[in-house]
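I opened this entry to keep a record of what I looked up, in the order in which I went through it.

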Amino acid sequence: MAKRIDVSGLHVYYGDFLAVEDVSMTIEPRSVTAFIGSSGCGKSTFLRTLNRMHEVTPGAYARGKVLLDDLDIYGPDVDPVLVRSEVGMVFQKANPFPTMSIYDNVIAGAKLNNRRMSRSEADDLVEESLRGANLWEEVKDRLHKPGSGLSGGQQQRLCIARATAVKPSVLLMDEPCSALDPISTLAIEDLIHQLKEDYTIVIVTHNMQQAARVSDRTAFFNLAGPGKPGRLIEMGETNQMFTRPEKKETENYITGRFG
Amino acid sequence: MSTTTTQPPGPETGPTEAALRHASLPRYFPTALLASCAAVVAGVLLAFSSFGAILWALLTAASYVVITVTASARVEGGRKATDRFVTSLVYGCFLLAIAPLVSVLWTVLRNGFDRFDGYFLSVSMNGVLPSMDAGGVYHAIVGTLAITGMATLISVPIGVMTAVYLVEYARGRIKRVITFFVDVMTGIPSIVAGLFVVALWMVLFGPGHTNGAAGAISLAVLMIPVVVRSSEEMLRLVPRDLREASYALGVPRWRTITRVVLPTSAAGLTTGIMLAIARVIGETAPLILTAGSSAVSINWNLFDGQMMSLPVFIYSQVRMGGAVNYERAWAAALTLILTVMLLFFLARMIGRAFAPKSAR
């Protein structure tokens, strides 16, 4: 189910502005890859190019190759809509659909696409996805209540359940814990540990302890300078990145000596 | 007394606490003062036997403001006094603003009830001479509902879809051009919209074709820009997050719009549409030009013959000038207001059914 991502020579633009320059990396299946770096260095932008979500912003586009196993998702006949059902995404701010119940939120991917599903199939999918997101026990008695009534951490897990319910092979997470308290964060981190059994997970985080805790490999992004595009500085095993980084820039960032 | 800064402040005293406290007027002060001002002013006016409601209200308000601000400045200090002054000012403006509204409603209710009954609502003016003590408004209700209904059916799809296009798809120059023309359309005087349809009908069907559909189209011309504008605002309120959440599930854009964006903003869209209907339901000038002003019988057919409507009915009755005509005009005005209120009530119900659920 999980797939490998191979990026080579990817440039990302907003109109004329080059936001991310020449990134090449390999993201291993069934593992967690963390992107770290200062604000505005292009790591979220780069993450969003991995499921072509980036193009939703007017004027934004990308040049280069992103291989999902063997398929170039930027190939000429590739439909971004189908790419996104293969590469799911969880956002910084939990965003359950306000008009839908918890139940409907979980199966939103199928429902919004009018996929036919029997009642029992839907029930099973909801239970499986909510169990997978460690949320089932907390919400099983109020599945038909609105999703916006949950706490922030629960909402975020609901969004993860919603993303996994469409059975993607890759899960992108854009700072999924930055608006959560430590306990909810811990719940999500535990969840990430479980999810990596089945998915390729890429997570953007500002919290370096979190990167160290959850990820197998870490990539460090930085700006070449003010107004310059962001670049991938270094990527490696998380242990090695946090103990013996190869580049001075990485070491400065990780140890808090900046610039 | 400066030594206390080094030790923790006691539970009761200490300079920090004293500095945070402030003398204030008692809570009942404004109410009590207003009541006594009203009583005293009324007494004085009665003593001079020159009591008038408006004079009384003005003098009461003036004396209340002067006394409150002075007392507050003495006891509570400058900032609180300013606060009380501005508060009084805001309340005063509010009362001033709703006075005409209440007055209009009251006048319509009082005059309208003379003739407002089941008979009036259920018969037309067919075969009734203008001065006879008979006849009703049923044909005008029919006309108003049919014409406004058709106008709504035309302008809601066009308006909402234009708004969707502007918010979700249009970029750059074309967006500016459309927005500009929508703004221009908003400013079209209603009589011009009527003339436009008269000219259009002349070209299409030749002279002498006055019917409800023409009226509906002229109202639609007035309604579309209002619907576009309000729907645009409502669609913009839908957070980008929700659209992205939907895209991230592999949902195409058009389904995202129809299944996520529109339902999320449904309550606001309904309110906007209701406001647009309320804006056109009282239009008179374009309907006189397009749907005629002399229909007296019930006509459900939008495409054949003149059609009376409530505003035109009011206009033509007032023009006849007899006492019974005035009664009919007032009763029709009351009918119109009640119709609009009923529509608003319905819109609230619809809006509530669609509104995003946030209850825990």
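The notes below go from confidence to the chain interface, the domains, the core and one loop residue.

**Conventions.** I am working with a predicted model, in which local features need pLDDT of at least 70 and side-chain atom pairs count only at pLDDT 80 or more, while totals for chains, interfaces and linings use all residues. Residues are numbered from 1 along each chain as its sequence is written, and chains are lettered from A and ligands numbered from 1 in the order in which they are written.

**Confidence.** I noted an ipTM of 0.89 and a pTM of 0.82 from the predictor for the complex. For chain B the mean pLDDT (the predictor's confidence in each residue, from 0 to 100) is 87, with 94% of the residues at 70 or more. Residues 1–7 of chain B stay under 50, and the model has four contacts beyond four places in sequence for them. Where pLDDT is low, the predicted coordinates should not be read in detail.

**Interface.** Counting two residues as in contact if their C-beta atoms, placed from the backbone, lie within 7 Å, I find 22 residues of chain B against 26 residues of chain A. On the chain B side, the elements that give two or more residues are α10 (240–248) and α11 (253–264), helices here being DSSP runs of H or I with at least four residues and strands runs of E with at least two, numbered from the N terminus. The most comes from α10(B), with seven residues.

**Domains.** An automatic or database domain assignment divides chain B into domain 1 (21–112) and domain 2 (138–359). Their centres, taken over C-alpha atoms, are separated by 41 Å, and four residues of domain 1 of chain B are in contact with five of domain 2 of chain B.

**Core.** I next looked up the largest nonpolar core (buried Ala, Val, Leu, Ile, Met, Phe, Trp, Tyr and Cys residues joined through C-beta atoms within 7 Å), which has 143 residues, with Met223(B) and Ala332(B) having the most contacts inside it. Helix α9 (residues 212–237) of chain B gives the largest share of this core, 15 residues. Beyond four places in sequence, the contacts of Ala332(B) include Val137(B), Leu310(B) and Phe313(B).

**A loop residue.** Gly59(A) lies in the loop between α1 (43–49) and β4 (60–68) of chain A. I record Gly59(A) as exposed because it has 12 C-beta neighbours inside 10 Å, the classes being buried at 20 or more, exposed at 12 or fewer and partly exposed in between. Beyond four places in sequence, Gly59(A) touches Tyr14(A) and Gly15(A).
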